[in-house]
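Reader: I am new to this structure. Please walk me through it in short steps.

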Amino acid sequence: MSVPTTVITVLTRLRSRLRSRVPLVLAVVLLTLAPTAPALAATPPAMPSPTTAGEETGASRSPKPRGAEVVAVTRVADRQVDLSVRSAALGGRTVQVRLLTPDGWNPGDHRRHWPTLWLLHGCCGDYTSWTAMTDVAETDSLRDVLVVMPEAGWNGWYSDWWNHGRGGDPAWETFHTVELRRLLERDWGAGRDRVVAGLSMGGQGALLYTARHPGMFKAAAAYSGSAHPLLNDESIDRLMGFFAGQGDDPLRVWGDPVAQRRVWQAHDPFHLARRLKSTPVYLSCGDGTTGPLDPPGRASALEADFNRQNHALAAELKRVGAKHVTTHFYGPGTHAWPYWERELHASLPMLLGALRAP
């Protein structure tokens, strides 16, 4: 396949502008976001499961599963269960979903369904990030809520990838909003009252899913999220740098930011602001300078960029008449877990209130 002139132009510009910046950005984000390794589980819990852990390898031979199916269940800690889910949207691959279960949860009881909080991880993290890096598992206010923490790829961006117009694997948005949602509601006690929160890449995902799937989530919170990737050339270049992580072709995700601008706009929360105007939204971000939860001298150009993006989105939400926007632009603070844990707690009253609202 020949490479379009626009692609050559973009890649040439990226090579010159990002040669020194991208490795540094990715290294900083890796150090910041990488979670500790999850505890391996002992025995699968006594709950319905299509197969046992020992059968997973054999089951994965099926090249084209229909929809998604759970092929293994692993209890990793008190109230923490990992589902191994094989997904058609992900080309038949098996990925992990961690559940933090409420008191009294019994997926075999199909008469009871639980309100659900989805927690989305950031770039360079995974489905274990929230339990590894925060106190979410010890948060008392979540003991009557099913918390869903799905894998979204090291660099998946909560999107069905463009793949040069071919679509297909990976289709993270389809996996989460269609396959996984239906699976959880059918077999694992999830109800239809849902809210969503995420950090960084996951903050963008929380806003995207809420805007692109009206009615799926009753509220959304984004902590240091990529809220307006088309803000300026710096923001575009930084995101393209992430897209190029792990040796990926950066044009696979959303395409060329010029030639495929409509695709980019369709994944930019700023350009979807009207679809968020009737939903409670919580936006928070630091300004990238050393904050009270940082070691001395630490700074973050990434957080400074996302801070500008969040201010732009907040202004656009106000312009289109959104009435339920809460912002916490707290000034000094970098792109780091202590702030996201704090912001999760700060936003829980809004999120849980939306879950319980009639």
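Author: First, a term. Two strands pair if DSSP finds at least two bridges between them. Note also that this is a predicted model.

Reader: How many bridges join strand β8 to β9?
Author: Strand β8 covers residues 281-285. Its link to β9 is parallel. Within it, Ser284 stands opposite His328 in β9. The number of bridges joining β8 to β9 is 5.

Reader: What is the order of the strands in the open sheet?
Author: The sheet has 9 strands. Pairing in it is mixed. The order is β1-β2-β3-β5-β4-β6-β7-β8-β9.

Reader: Which strands stand at the edges of this sheet?
Author: An edge strand here has a single partner strand, so one of its sides is left without a neighbour in the sheet. That applies to two strands, residues 68-77 and residues 325-329. They are β1 and β9.

Reader: By how many degrees are neighbouring strands of this sheet turned against each other on average?
Author: The direction of the strands is ignored for this value. The average turn is 20 degrees.

Reader: At about what angle does helix α6 run to β6?
Author: Two helices can be set against β6. Helix α5, residues 172-187, runs at about 145 degrees to β6. Helix α6, residues 201-212, lies across β4, β6, β7 and β8. Its angle to β6 is about 140 degrees.

Reader: Is His121 buried or exposed?
Author: His121 sits in the loop between β4 and α4. It touches residues including Asp126, Trp130, Glu151, Tyr158 and Met201. Its relative accessible area is 1%. Buried means under 20%, so His121 is buried.

Reader: Is Gln80 buried or exposed?
Author: Gln80 lies in strand β2. Its contacts include Thr74, Arg98, Leu100 and Thr131. The relative accessibility of Gln80 is 10%, so Gln80 counts as buried.

Reader: How many aromatic pairs does the structure hold, and of what kind is the pair of Trp130 and Trp337?
Author: The structure holds 13 aromatic pairs. In one of them, the ring centres of Trp130 and Trp337 are 5.4 Å apart and the planes stand at 90 degrees. Planes over 60 degrees apart count as edge-to-face. The pair of Trp130 and Trp337 is therefore edge-to-face.

Reader: How many residues apart are Trp130 and Trp337?
Author: Trp130 is in helix α4 and is buried, at 1% relative accessibility. Trp337 is in helix α11 and is buried too, at 5%. The pair links distant parts of the chain, 207 residues apart.

Reader: Where does Trp157 lie, and how many residues separate it from Phe243?
Author: The rings of Trp157 and Phe243 have centres 5.8 Å apart and planes at 75 degrees, so this pair is edge-to-face. Both residues are buried. Phe243 is in helix α7, while Trp157 lies in the loop between β5 and α5. The pair therefore ties together parts whose separation in sequence is 86 residues.

Reader: Which residue lies over the face of Tyr330?
Author: Look at the centre of the Tyr330 ring. The distance to it is 4.5 Å. The residue over the face is Arg342.

Reader: Where is confidence lowest in the protein chain?
Author: The mean pLDDT of the chain is 86, and 82% of its residues reach 70 or more. Confidence is highest in β7, at 99. Over residues 1-65, the pLDDT is below 50. The lowest mean is 30, in helix α3.

Methods: Residues are numbered from 1 along each chain as its sequence is written. This is a predicted model: local features need pLDDT of at least 70, side-chain atom pairs count only at pLDDT 80 or more; totals for chains, interfaces and linings use all residues. Side-chain values use heavy atoms; hydrogens and water are left out. Helices (H or I, at least four residues) and strands (E, at least two) are DSSP runs, numbered from the N terminus. Buried means under 20% relative accessible area, exposed over 50%, partly exposed in between (1.4 Å probe, protein chains only). Contact means heavy atoms within 4.5 Å. Axes are lines fitted to C-alpha atoms, for helices over the stretch in contact, and angles run from 0 to 180 degrees between N-to-C directions. Rings of Phe, Tyr and Trp (its six-membered ring) pair if their centres lie within 6.5 Å; planes under 30 degrees apart count as stacked, over 60 as edge-to-face and the rest as tilted. A charge sits over a ring if NZ of Lys or CZ of Arg is within 6 Å of the ring centre and within 35 degrees of the ring normal. pLDDT is the predictor's confidence in each residue, from 0 to 100. Lists of a residue's contacts leave out its neighbours within four places in sequence.
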